[in-house]
Amino acid sequence: MSTPPLSGLKVADFSWVVAGPVVGRALADFGATVVRIESGTRIETARLMQPFYQGRTGRENSALYGTCNAGKYGLALNLKTEEGRAVARDLAGWADVVAESYAPGQMSSWDLDYASIREVNPSVVMLSTSLMGQTGPSARLAGYGNIGASVSGYQDLVGWPDQLPIGPFGPYTDYVGPRFSLVVLLAALDHRRRTGEGCHIDLAQSEIGVFLLSPQLADYFDQGTVAQRRGNRDVHAATQRAQDVEARLQAQGVPAHLAVTSADWARDPQLAHRGYLRRLPHERFGAAFVEGPRYLLSETPGQVTRPAPALGQDNEQVLRGLLGYDQARYDRVAASGALA
């Protein structure tokens with residue numbers, strides 16, 4: 001088998017929920033060594049989000065966490081302790097890429113901001129993905145992707161015109177933001193390969209949302225048209241039965257498909273053919289199901305090598321195997337309470 005295209009790339013993933021972890025997951029699919037750092041005392045939000053295996057809540061049961069973090073090593077680290085912060089700084093010095101999605105200013109409070117990391121790792125590429133960006137009067141606004149959807153204009157566009165807006169399902173900008181983050185990150189790594197220079201990527205998820213409403217913005221600035229929610233109506237088409245429209249459009253060679261349910265999606269023969277869902281052996285559940293690699297490369301295909309880690313599963317492997325701590329140093333760190 002050919003060498004994965006990102007083999008040898010080392011990633012310290014301090015991000016959480018979806019917008020950051022999805023980027024690390026894509027890097028792991030194509031060969032990067034990704035260490036997912038999280039707290040054992042303040043449980044990561046995605047671990048508590050549905051759907052859950054066997055319908056049971058629990059910090060190891062979230063299928064969402066599982067698909068966003070498959071292929072990564074797991075390190076539980078208490079960044080409130082000096083010992084924990086020292087381990088984090090060692091990881092930042094080891095890494096080619098540091099990714100984080102905390103509220104702006106939080107990494108600085110731990111001396112893990114770009115300027116601090118660059119002192120010990122001059123060529124590091126750091127990705128900071130946040131709701132509003134690292135600078136500006138709204139930089140400290142914290143929230144999930146549903147807030148990003150509201151700020152960027154989506155919440156008001158979904159719903160019936162005579163009722164309150166309901167917005168798109170879920171944290172919309174958490175899912176579109178990473179697609180841009182990954183492209184910019186890969187470009188930064190190519191720049192580093194050619195020049196040896198690292199950089200700090202400041203990605204505002206709300207700005208990505210605004211970009212994807214470019215047609216509506218252009219219409220406003222050109223014609224003064226304010227986009228409105230229309231329920232099931234469309235500016236250019238009349239409503240018909242979805243099945244009838246699908247059949248008529250496909251018969252004319254127009255790419256169209258029903259808006260499917262989750263059950264339809266899981267049985268879709270096209271997705272099955274392309275390996276979109278992958279079954280992985282799982283110690284706890286017997287099998288875990290995760291999304292396959294997002295990009296199908298002919299010569300260097302992505303692989304999902306392992307399910308998402310249990311909390312703190314790879315503490316010793318990361319500190320001793322990747323960072324080179326000897327047993328005595330590892331034992332001191334563990335005894336300090338930093339690995340929690």
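Biologist: Is E44 buried or exposed in this structure?

Modeller: This is a predicted model, and the answer rests on the cut-off that a residue counts as buried when its relative accessible area is under 20%. The relative accessible area of E44 is 4%, so by that cut-off E44 is buried.

Biologist: Which side chain meets E44 in a salt bridge?

Modeller: A salt bridge needs a side-chain nitrogen of Lys or Arg within 4 Å of a carboxyl oxygen of Asp or Glu. For E44 the N to O distance to its partner is 2.2 Å, and that partner, at 1% relative accessibility, counts as buried. The residue that meets E44 in this way is R36.

Biologist: R47 and E60 also meet in a salt bridge; which of the two counts as partly exposed?

Modeller: Their side chains meet at 3.0 Å, N to O, and the pair lies in the loop between β2 and α2, with the two residues 13 residues apart. R47 has 1% relative accessibility and counts as buried, whereas its partner stands at 21%, and since buried means under 20%, the partly exposed residue is E60.

Biologist: How many residues apart in sequence are the parts that D156 and R229 tie together?

Modeller: The side chains of D156 and R229 meet in a salt bridge of 2.8 Å, N to O. D156 lies in the loop between α6 and α7, while R229 lies in the loop between α9 and α10, so the parts tied together are apart in sequence by 73 residues.

Biologist: Which residues are joined into one network with R47?

Modeller: Here the salt bridges share partners, and in that way they join R47 into one network with E38, R59 and E60.

Conventions: Residues are numbered from 1 along each chain as its sequence is written. This is a predicted model: local features need pLDDT of at least 70, side-chain atom pairs count only at pLDDT 80 or more; totals for chains, interfaces and linings use all residues. Side-chain values use heavy atoms; hydrogens and water are left out. Buried means under 20% relative accessible area, exposed over 50%, partly exposed in between (1.4 Å probe, protein chains only). Helices (H or I, at least four residues) and strands (E, at least two) are DSSP runs, numbered from the N terminus.
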